[in-house]
Amino acid sequence: MKPPPRLRGAGGPRRQDGAVVSLPRALSKLGFCSRTQAEALITEGRVRVDGRVVRNATVRVDPGRARITVDGEPVVAERKVYLMLNKPRGLVTTRDDPQERATVYECLEGLDLPFVAPVGRLDKASEGLLLMTNDTRWAQRVLDPASNVEKIYHVQIDRLPDEDMLERLEAGMMLDGERLVARSAKLLRSGARNAWLEVVLNEGRNRQIRRLLDAVGAEVFRLVRIDVGGVRLGDLPRGEVRHLTPGEKAMLDVPVKTAARPPGRSGAR
């Protein structure tokens with residue numbers, strides 16, 4: 001198999017900042033579109049790199065050096081945007097859904113924004129604070145387990161918890177080959193037949209809270225993320241989006257040196 005063609009910024013030793021990336025990722029990093037959308041544009045022959053049409057999505061380029069155009073228009077880096085969304089229940093956290101379900105991007109329609117991507121995920125049945133940005137390096141540092149960014153959830157369950165249940169959540173357990181644990185779990189309030197818990201995580205595993213609670217015999221009625229790294233959802237209305245304040249953004253500015261490992265999927269839903 002012939003190797004992909006060498007394009008500007010793609011040959012020679014990799015720069016230490018890791019700038020050489022696949023062409024779809026380059027378009028995403030520049031804030032033009034999602035990687036899935038970029039792959040479609042490349043296949044259709046609408047993307048040129050240094051004047052040459054590229055139809056191979058595996059081609060690697062340096063987005064800071066290569067001249068990339070789509071339909072003849074240059075693709076330049078967009079301004080960095082940092083947002084919070086109060087995700088409603090029933091939306092999926094993706095740009096392109098094969099099942100054509102409603103997505104969180106419906107909440108951004110009509111806004112003057114570059115392409116942004118979610119920082120981690122909330123599943124369809126979960127709601128609350130979802131960060132979105134076009135700063136991929138910043139997002140990776142926030143998600144990296146080494147960054148130890150805490151996330152706080154309020155969870156309604158179908159029973160009244162006892163101390164043993166809360167202790168088991170905090171002690172952790174092996175489920176499907178993964179060790180899942182809550183940094184803390186406490187009772188917020190209770191009614192006659194159900195209760196609200198506050199669960200704090202400092203890692204993100206797929207459906208982590210739901211799996212933990214299922215293992216201790218509790219069903220989740222509602223799951224709302226209210227805080228990420230000290231940034232609070234506050235009174236932002238459901239379905240609304242706003243920019244992070246400089247202070248909020250600074251709270252999540254994790255130093256590069258603490259985020260050496262590639263991030264896993266974040267999704268403690």
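A contact here means heavy atoms within 4.5 Å. Keep that in mind as you work through this predicted model.

**Exercise 1. Get a feel for the whole chain.**
Work out how many helices and strands the protein chain has, what share of its residues is buried, and what share of the contacts between residues at least 6 apart in sequence join residues at least 24 apart.

*Solution.*
- Start with the elements: the protein chain has six helices and 17 strands.
- Next, burial: of the 269 residues, 48% are buried.
- Now the contacts: take those between residues at least 6 apart in sequence, and 69% of them link residues at least 24 apart.
- Finish with the surface: about 14000 Å² is accessible, and carbon and sulfur atoms account for 47% of that.

**Exercise 2. Find the pairing partners of β9.**
Say which sense, parallel or antiparallel, β9 takes with β7, with β8 and with β15.

*Solution.*
- Take β7 (residues 82-87): this strand runs antiparallel to β9, with six bridges. Met84 has Leu131 of β9 as its bridge partner.
- Move on to β8 (residues 117-118): again the sense is antiparallel, over two bridges. Look for Pro118 opposite Met132 of β9.
- Then try β15 (residues 220-228): β9 pairs with this strand in the parallel sense, over two bridges. Gly128 is matched with Arg225 in β15.

**Exercise 3. Explain the setting of β9.**
Why is strand β9 described as largely enclosed by the rest of the structure?

*Solution.*
- Set the cut-off: buried means under 20% relative accessible area.
- Go along residues 127-133: seven of the seven are buried, so β9 is largely enclosed by the rest of the structure.

Note on methods. Residues are numbered from 1 along each chain as its sequence is written. This is a predicted model: local features need pLDDT of at least 70, side-chain atom pairs count only at pLDDT 80 or more; totals for chains, interfaces and linings use all residues. Side-chain values use heavy atoms; hydrogens and water are left out. Buried means under 20% relative accessible area, exposed over 50%, partly exposed in between (1.4 Å probe, protein chains only). Helices (H or I, at least four residues) and strands (E, at least two) are DSSP runs, numbered from the N terminus. Two strands pair if DSSP finds at least two bridges between them. Accessible areas come from the Shrake-Rupley method with a 1.4 Å probe; for residues, only the protein chains shown count as cover.
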